[in-house]
Amino acid sequence: MSDFDSSSGSKAGDAELQDFLQIERQRAQVNAQIHEFNDICWDKCVDKPSNKLDGKTESCLSNCVDRFIDTSLLITNRFAQILQKSQGGL
């Protein structure tokens, strides 16, 4: 293998590593967000922990998480629109 081949192989390996790290960062962010949803919605909806959820608590938890997801998607889409407009103006 020539020096050129090993150099390009190293660059490809670096790119793969960067892609892997980016994916792992995104997974960590999603997991952190899920834990945050759980904590906030638990505090908001669960009065007395028990071995079974009643209908009111289950509905509250579902609605709470749905609103957080909707809000996160709205913010993400808004940032994407801003980024797209800023890139289009260049």
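Colleague: What makes up the lining of the largest pocket, by class?

Modeller: In this predicted model, the lining has six nonpolar, two polar and five charged residues. Among the residues nearest the pocket's centre is Cys 45, and cysteine goes into the nonpolar class. Asp 47, Lys 48 and Asp 54 also lie nearest the centre; Asp and Lys count as charged. Thr 57 belongs to that central group too, and a residue type that is neither on the nonpolar nor on the charged list counts as polar.

Colleague: How much space lies in the largest pocket, and how many residues line it?

Modeller: The space comes to about 240 Å³, and 13 residues form the lining.

Colleague: Which helices supply at least two residues each, and which element gives the largest share?

Modeller: Both α1 (3–45) and α2 (55–88) supply at least two. The largest share, three residues, is from α2. As for the chain's secondary structure, that comes to two helices and zero strands.

Colleague: What makes Cys 41 and Cys 64 a disulfide?

Modeller: Their sulfur atoms are 2.0 Å apart. The cut-off is within 2.5 Å, so the pair qualifies.

Colleague: Why is that disulfide of Cys 41 and Cys 64 called left-handed?

Modeller: Look at the torsion about the S-S bond: it is about -85°, and therefore the link is left-handed. The pair also ties together parts 23 residues apart in sequence, because Cys 41 sits in helix α1 and Cys 64 in helix α2. Both Cys 41 and Cys 64 are buried.

Colleague: What about Cys 45: what joins it to Cys 60?

Modeller: A disulfide again, with an S to S distance of 2.0 Å. Set against the limit of 2.5 Å, that passes, so the name fits. Here the S-S torsion is -70°, and this link is left-handed. Cys 45 is in helix α1 and Cys 60 in helix α2, 15 residues apart, so to speak distant parts of the chain.

Colleague: Is Cys 45 buried or partly exposed, and how do you know?

Modeller: Buried: its relative accessibility is 6%, and the label needs under 20%. Cys 60 has 23%, which falls between 20% and 50%, so Cys 60 counts as partly exposed.

Colleague: How many disulfides does a search of the whole structure find, and what pattern do they follow?

Modeller: Two. Counting bonded cysteines along the chain, the pattern is 1-4, 2-3.

Colleague: What makes Arg 27 and Glu 24 a salt bridge?

Modeller: The N to O distance is 3.0 Å. A salt bridge needs that separation within 4 Å, so the pair makes the cut. Arg 27 and Glu 24 both lie in helix α1, three residues apart, about one turn. Glu 24 has a relative accessible area of 30%, which means it is partly exposed.

Colleague: And why is the contact of Asp 70 and Arg 67 called a salt bridge?

Modeller: By the same 4 Å test: N to O is 2.6 Å, so the pair counts. Asp 70 and Arg 67 are about one helical turn apart, because three residues separate their positions in helix α2. Asp 70 is at 40% relative accessibility and Arg 67 at 47%; exposed would need over 50%, so Asp 70 and Arg 67 are each partly exposed.

Colleague: What share of the chain do buried residues make up?

Modeller: Of the 90 residues, 8%. The accessible surface is about 7800 Å², with 56% belonging to carbon and sulfur atoms.

Methods:
Residues are numbered from 1 along each chain as its sequence is written. This is a predicted model: local features need pLDDT of at least 70, side-chain atom pairs count only at pLDDT 80 or more; totals for chains, interfaces and linings use all residues. Side-chain values use heavy atoms; hydrogens and water are left out. On a 1 Å grid over the protein atoms alone, a cavity is a set of points where a 1.4 Å probe fits but cannot get out, and a pocket is an open set with protein on both sides within 12 Å along at least five of seven lines; lining residues have an atom within 4 Å of a point. Grid points are joined across faces, edges and corners, and a volume is the space filled by probe spheres set on the points. Helices (H or I, at least four residues) and strands (E, at least two) are DSSP runs, numbered from the N terminus. Buried means under 20% relative accessible area, exposed over 50%, partly exposed in between (1.4 Å probe, protein chains only). Accessible areas come from the Shrake-Rupley method with a 1.4 Å probe; for residues, only the protein chains shown count as cover. A salt bridge is a side-chain nitrogen of Lys or Arg within 4 Å of a carboxyl oxygen of Asp or Glu.
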